[in-house]
Amino acid sequence: MRYTAVVIPDKEDGGFFAYVPAILNCFTHGETRDDALTMAQDAAAALLVSMAKHGEELPVEAPGATVHAIEVPVPAAAGVPA
């Protein structure tokens, strides 16, 4: 099955976070983007195997789902730099 993985730089500890939005609790970390993607693939596969063993329905991404970056205004009182 094909799933979308999202990779985000880890600014605190270095490396990259990766997660698969369609699969609940499927997130991981790698030293490089490629490592993070490989780890996400392994985590997704392990979660799907576990779900199948427990008789759970395997998640399927919505047809035509896309990933977009959005701008969200944050109140100045939140203390978040612009």
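Q: Before we look at the helix, what does "buried" mean here?
A: Buried means under 20% relative accessible area, while exposed means over 50%. Keep in mind that this is a predicted model.

Q: Okay, so which residues of α1 are buried?
A: In α1 the buried ones are Ala36, Ala40, Ala44, Leu48 and Met51. They sit on the same side of α1, because their arc around the axis is only 105 degrees. Turn to the face pointing away from that buried side and you'll find the exposed residues Asp34 and Lys53.

Q: What do the buried residues of α1 pack against?
A: Their packing partners are β1 (6–9), β2 (16–19) and β3 (27–30).

Q: How do I read the sheet, and what is the order of its strands?
A: Strands of a sheet pair through backbone hydrogen bonds, either parallel or antiparallel. Here you have an open sheet of 3 strands in the order β1-β2-β3, with antiparallel pairing. β1 and β3 are at the edges with a single partner strand each, so one side of each has no neighbour in the sheet. On average, neighbouring strands are turned by 25 degrees against each other, direction ignored.

Q: Which residues stand opposite each other in β2 and β3?
A: That antiparallel pair runs over 4 bridges. Ala18 stands opposite Thr28 in β3, and Phe16 has Gly30 as its bridge partner.

Q: Which side chains of β3 point to the buried face?
A: In a regular strand the side chains alternate between the two faces of the sheet. Along β3, Thr28 and Gly30 point to one face and are buried, whereas Phe27 and His29 point to the other and are not buried.

Note on methods. Residues are numbered from 1 along each chain as its sequence is written. This is a predicted model: local features need pLDDT of at least 70, side-chain atom pairs count only at pLDDT 80 or more; totals for chains, interfaces and linings use all residues. Side-chain values use heavy atoms; hydrogens and water are left out. Buried means under 20% relative accessible area, exposed over 50%, partly exposed in between (1.4 Å probe, protein chains only). Helices (H or I, at least four residues) and strands (E, at least two) are DSSP runs, numbered from the N terminus. The arc is that of the directions from the helix axis to the C-beta atoms. Contact means heavy atoms within 4.5 Å. Two strands pair if DSSP finds at least two bridges between them. Axes are lines fitted to C-alpha atoms, for helices over the stretch in contact, and angles run from 0 to 180 degrees between N-to-C directions.
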